[in-house]
Amino acid sequence: MAQIKADEITQLIRDQIENYDSKIAVDEVGTVITLGDGIARVHGLDKVMAGELLSFPHGVAGIAMNLEEDQVGVVLLGEYTEIKEGDEVKRTGRIISVPVGDALIGRVVNSLGQPIDDKGPIATDQFIALERLAPGPVHCSRTIGARRNRSPAGARAYGHWAEGH
């Protein structure tokens with residue numbers, strides 16, 4: 001029987017500790033407490049962000065909308081008939097956004113920007129938030145003048161209003 005030396009054991013343990021790669025995935029999960037008309041009430045998502053994309057069972061997604069102290073109101077996207085009370089809900093950590101750019105030209109996507117045209121994934125790294133501030137109104141007198149020449153009745157009324165304000 002071979003003898004094992006203490007320093008060999010120590011070296012083996014040190015090598016294993018140095019090469020140890022801990023991959024711990026911590027997911028914040030919640031539970032569906034009520035469900036109705038495409039809206040789910042979820043308990044247990046304490047750190048969820050407004051507008052965050054949430055993952056439900058059966059490939060259903062949801063948007064965290066109504067953040068309350070002890071529950072979150074979630075709008076369900078997709079076929080939610082399989083979702084039931086007690087189901088687990090996971091945070092994605094991502095505010096809902098859709099892909100943008102030339103890669104979408106000629107593609108058919110759903111409301112989440114996922115391709116539904118059987119042409120494979122969309123190759124883009126550009127995304128834009130789904131909910132964002134709308135651009136402000138822009139006043140342009142040339143546009144009012146052009147409208148005035150094309151449609152005298154409506155445009156004149158609009159032009160009069162715009163010039164007086």
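Trainee: What makes Gly38, Ile39 and Phe56 count as contacts of valine 74?

Mentor: Contact needs heavy atoms within 4.5 Å. In this predicted model, leaving aside its neighbours within four places in sequence, valine 74 is in contact with Gly38, Ile39, Ala40, Val42, Leu54, Phe56, Gly62, Ile63 and Ala64.

Trainee: And which residues touch the most other members in the largest nonpolar core?

Mentor: Val74 is one of them, along with Val42, Leu45, Leu54, Phe56 and Val89, in a core of 14 residues. Two elements give two or more residues to this core, β2 (39-43) and β5 (72-77). The largest share, 3 residues, comes from β5.

Trainee: Why is that set called a nonpolar core?

Mentor: The name applies because its members are buried residues of the nonpolar kinds, joined through side-chain atoms within 4.5 Å. Buried, in turn, means under 20% relative accessible area. As background, nonpolar side chains tend to be buried together in soluble globular proteins.

Trainee: What does the second, separate core include?

Mentor: Leu53, Ala61, Ile96 and Leu112 are among its 5 residues. Across the protein chain, buried residues make up 23% of the 165 residues.

Trainee: How do you know that β3 and β6 pair?

Mentor: Pairing takes at least two bridges. Strand β3 (residues 52-55) and strand β6 (residues 88-95) have 3, in the antiparallel sense, so they qualify. β3 also pairs with strand β4 (residues 61-67), again antiparallel and over 3 bridges.

Trainee: Which bridge partners does serine 55 have in β6 and in β4?

Mentor: In β6 the partner is lysine 90; in β4 the partner is alanine 61.

Trainee: What sits between β3 and β4?

Mentor: The two strands form a hairpin with 5 residues between them. Histidine 58 lies in that loop, with a positive phi of about 65° although it is not a glycine.

Trainee: Why is histidine 58 called exposed?

Mentor: The cut-off for exposed is over 50%. Histidine 58 has 53% relative accessibility, so it counts as exposed.

Trainee: Which phi does aspartate 118 have, and where is its place?

Mentor: Aspartate 118 has a positive phi of about 60°, and it isn't a glycine either. Its place is in the loop between β7 (97-99) and β8 (127-129).

Trainee: What makes aspartate 118 exposed?

Mentor: Set its relative accessible area of 81% against the cut-off of over 50%. Aspartate 118 is therefore exposed.

Trainee: Then why is isoleucine 13 called partly exposed?

Mentor: Partly exposed is the range between the buried limit, under 20%, and the exposed one, over 50%. Isoleucine 13, in helix α1 (residues 6-18), has a relative accessible area of 44%, so partly exposed is the right label.

Trainee: What makes isoleucine 13 eligible for a surface patch?

Mentor: A patch residue needs over 30% relative accessible area, and isoleucine 13 has 44%. Ile9, Ile13 and Ile17 form a nonpolar patch, with about 280 Å² of accessible area together.

Trainee: How much area does the protein chain expose, and what share comes from carbon and sulfur atoms?

Mentor: The protein chain exposes about 12400 Å², with carbon and sulfur atoms supplying 53% of it.

Trainee: Last one: how many helices and strands are there, and how do they run from the N terminus on?

Mentor: There are 3 helices and 8 strands, running α-β-β-β-β-β-β-β-β-α-α. Of the contacts with a separation of 6 or more, 50% come from residues 24 or more positions apart.

Terms used
Residues are numbered from 1 along each chain as its sequence is written. This is a predicted model: local features need pLDDT of at least 70, side-chain atom pairs count only at pLDDT 80 or more; totals for chains, interfaces and linings use all residues. Side-chain values use heavy atoms; hydrogens and water are left out. Helices (H or I, at least four residues) and strands (E, at least two) are DSSP runs, numbered from the N terminus. Buried means under 20% relative accessible area, exposed over 50%, partly exposed in between (1.4 Å probe, protein chains only). Accessible areas come from the Shrake-Rupley method with a 1.4 Å probe; for residues, only the protein chains shown count as cover. Patches are made of residues with over 30% relative accessible area and no salt bridge: like charges are joined within 9 Å, nonpolar side chains (Val, Leu, Ile, Met, Phe, Trp, Tyr) within 5 Å. A salt bridge is a side-chain nitrogen of Lys or Arg within 4 Å of a carboxyl oxygen of Asp or Glu.
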